[in-house]
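Student: I'd like to learn how to read a model like this one, feature by feature. Can we go through it together?

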Amino acid sequence: MHVNGLLKWIAVYVLVLLTGTAYAQHPKDDIKQNIRRSANSLMAYPGPQKKQLTSAPEGKQPFYISHYGRYGSHHLLQKKYFDDPYQVLDVADKAGKLTDKGRDVKLRIGKIRDDAYEQLGELTPTGVWQQQMIAQRMVERFPEVFLDGTDVDARSTTVTRSILSMEQFLLQLTRMKPRLNVYHNATHRDMAFLNQQDRQLMNIRMDAMTQKRYSEFTKHYDKFNRLMRTLFNDMLYVKQHVDAKKLNDDLFLLASNMQNTELRKNITFYDIFTDQDLYYNWIKDNAWWYINYGGCTLNGGTQPYSQRYLLRKIINDADSCLKLKNPCVQLRFGSDNVILPLACLMDINHWGLATNRLGSLGENGWSCYRIVPMAANIQLIFYRSNPDDQDVWVKVLYNENEATLPLSDEHAPYYRWADFRSYYLKKLDDYEKH
C-alpha cells in the first residue's frame with residue numbers, strides 16, 4: 001500500500017478512537033466523523049454509547065433477559081467478491097491501462113483474497129471479541145440475573161458463523177459465572193422462528209414498480225468517473241471494457257468489510273473514495289435495506305412482518321419465564337435479515353418509519369449502520385420486586401443502548417410488560433387477520 005493510503009487509514013483509526021460511538025444529526029455528518037459507518041450492515045460493532053444506565057423503577061430488579069443477536073464480524077460470503085474486481089484490474093494491468101494507484105489496489109485485493117481463502121463467511125477474531133464483550137457487559141450490568149444455577153437457554157440458526165457467535169458468547173458467560181446451568185443448540189427445528197423466510201413477502205420486496213423507483217433513485221448517486229480516473233489511465237478503455245458501476249460496488253464492498261478482518265491494521269480501500277463517494281454509496285445501500293426489510297410503502301410497508309413469528313415467540317417465551325421463581329436467560333443468535341425487520345416491526349427508536357421517500361431516510365433517523373452493524377443485538381431486560389410480583393416492567397437495550405418503544409413514555413426507557421404484551425400481540429393479530 002502507498003504511504004499516503006496508510007497515513008489516511010491511521011488518521012481514520014485515531015479519529016474512531018477519539019470520537020467513540022456517538023452519532024451526529026445526519027448520516028452525512030456521521031460518515032464524515034467516522035467513515036466506517038458508510039459500511040451500513042458491514043460496520044463493525046461500535047459498542048454501547050454510554051456506560052451508565054437509567055435506574056430501574058423503585059424496588060424493581062432484573063430477573064430475566066430475552067435476547068436476539070446477529071452473528072459477529074466475518075469474512076465476505078462469496079469468492080466472487082474478491083475475484084471479480086481483481087480480474088477487471090488484472091486484465092487492465094496486462095493491457096497497460098492501470099495507474100500506479102490501480103496496480104496498488106489490485107495488489108491489496110490479492111492480499112485480502114488470500115486472507116479469506118477457505119474462510120468465506122466465517123467469524124473473524126474481531127467477531128469473536130465482539131460476542132465476548134457483549135456477554136461480559138451483560139453480566140456486569142445485570143449481576144442479579146447471573147446467579148449460581150441460573151438457567152441459560154441459547155439457540156442459534158444452523159449457519160456456522162451464528163453457531164460460533166453463540167459459543168463465544170457462552171464461553172465468556174461461563175468464564176465469568178462457571179456455575180450457570182447452560183443449554184445450547186442449533187437445530188433446523190428452531191429455524192422457523194430464528195430465521196423465518198416468508199415467501200409471500202419476499203416475492204413483493206422488489207416488484208417491478210419498486211425496482212423502477214429504486215433504480216430512478218440510485219441513478220442520481222451513480223457517479224464513478226473520478227474513481228475510474230484514479231484507477232485507470234485510459235477512460236476510452238474504461239468505457240469499452242469496464243462496468244464502472246459494478247467495479248465501484250465491488251470495491252466499496254471490500255472497503256466496507258476490511259474493518260471486520262485482521263488485515264484492517266495495514267490495508268484500507270478508503271483512500272480511493274472521497275467523502276462524497278462514501279455518502280453516495282451509503283445512501284444507495286441504505287435505501288436497499290429499507291426497501292427489503294423496513295417499512296417502505298413502495299412495496300406495501302409490510303416487510304417487517306416477516307419476523308412476526310419471532311416476536312410472538314419472544315412474547316410467549318417471556319410469559320412462561322415470568323412464572324419461574326428463579327432468574328433465567330434466553331439467548332438467540334441469527335442474522336441481519338432477521339434483526340433489522342424485527343427492530344422495524346417493534347418500531348424501536350421509531351425505526352418502523354413508513355415512507356416512500358427514499359431520500360428522506362437519513363433525516364428521519366433510519367440509518368442501517370445504527371440498526372444492524374455486525375453483532376447487532378436486542379436485549380429485553382425484565383424487572384420485578386420479588387417472584388410473586390405481577391407488576392413486571394421491561395426495558396429494551398438495542399446494541400446495548402437504552403431504546404424507546406411506541407408505548408407510553410411516562411417511565412421510558414422502562415415499560416410495563418402488560419402494555420408491551422398487549423400492544424404487540426394486537427399488532428400481530430391485526431396483521432394476521434388481514
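Tutor: Sure, let's start with a term we'll need for pockets: helices here are DSSP runs of at least four residues, numbered from the N terminus. Keep in mind that this is a predicted model.

Student: How do people find empty space in a structure, and what volume does the largest pocket have here?

Tutor: The general idea is that rolling a probe the size of a water molecule over the atoms shows where empty space is left. In this model the largest pocket has a volume of about 990 Å³. It has 33 lining residues, and those closest to its centre are Y81, L253, D285, W288 and W289.

Student: Which helix gives the largest share of the lining of that pocket?

Tutor: Helix 12 does, with seven residues. Helix 3 (80-94), helix 9 (208-219), helix 13 and helix 15 (336-345) are also among the helices that each supply at least two. Sorted by class, the lining of the largest pocket comes to 13 nonpolar, 11 charged and nine polar residues.

Student: And how many cavities of 30 Å³ or more are there?

Tutor: The search of the whole structure turns up four. The largest cavity holds about 80 Å³ of space. Its lining includes H75, F82, D115, N257 and M258. Helix 12 shows up again, since it and helix 4 (100-116) each supply at least two residues of that lining, but the largest share, three residues, is from helix 4. By class you get six nonpolar, three polar and one charged.

Student: Let's move to aromatic rings. What do I look at in a pair?

Tutor: A pair of aromatic rings is described by the distance of the centres and the angle of the planes. The whole structure has 20 aromatic pairs. Take F252 and F273: their centres are 6.1 Å apart with 80° between the planes, an edge-to-face pair. F252 is in helix 12 (residues 244-257) while F273 is in the loop between helix 12 and helix 13, so the pair ties together parts 21 residues apart in sequence.

Student: Are F252 and F273 buried or exposed?

Tutor: Both are buried. Now compare another geometry: the ring centres of W417 and F420 are 4.9 Å apart and the planes meet at 25°, so that pair is stacked.

Student: Where do W417 and F420 lie?

Tutor: Both are in helix 17 (residues 417-433), three residues apart, or about one turn of the helix. W417 has a relative accessible area of 5%, so it is buried, and F420 is buried because its value is 0%. The cut-off behind both calls is under 20%. These two also belong to an aromatic cluster with Y64, F382, Y423 and Y424.

Student: Rings can have charges over them too, right? Which ring does the charged end of K28 sit over?

Tutor: That's the ring of Y279, with the charged end 4.8 Å from the ring centre. R161 gives you another case: its charged end sits over the ring of Y71, 4.6 Å from the centre.

Student: What about backbone oddities?

Tutor: The rule of thumb is that most residues other than glycine have a negative phi, and most peptide bonds are trans. Here a cis peptide bond joins A412 and P413, with omega about 15°. You'll find P413 in the loop between strand 7 (401-402) and strand 8 (414-416).

Student: And which phi does E118 have?

Tutor: A positive one, about 55°, although E118 is not a glycine. E118 is in the loop between helix 4 and helix 5 (125-141), and it counts as exposed because its relative accessibility is 68%. N349 also has a positive phi, about 50°, and lies in the loop between helix 15 and helix 16 (368-371). N349 is partly exposed, as its relative accessible area is 25%.

Student: One last residue: what does C296 touch?

Tutor: Leaving out residues up to four places away in sequence, C296 touches Y290, I291, G301, T355 and L358. C296 is found in the loop between helix 13 (275-293) and helix 14 (308-321), and with a relative accessible area of 0% it is buried. T355 is 59 residues from C296 along the chain, yet their C-alpha atoms are separated by 5.4 Å.

Conventions: Residues numbered from 1 in each chain as written. Predicted model: local features only at pLDDT ≥ 70, side-chain atom pairs only at ≥ 80, totals over all residues. Heavy atoms only, no water. Buried < 20%, exposed > 50% of the residue type's maximum accessible area, 1.4 Å probe, protein only. Contact = heavy atoms within 4.5 Å. Phe/Tyr/Trp six-rings, centres within 6.5 Å; stacked < 30°, edge-to-face > 60°. Lys NZ or Arg CZ within 6 Å of the ring centre and 35° of its normal. 1 Å grid on protein atoms, 1.4 Å probe; cavity = no way out; pocket = protein on both sides within 12 Å on 5 of 7 lines; lining within 4 Å. Points joined across faces, edges and corners; volume = space filled by probe spheres on them. Nonpolar A, V, L, I, M, F, W, Y, C, P; charged D, E, K, R; others polar.
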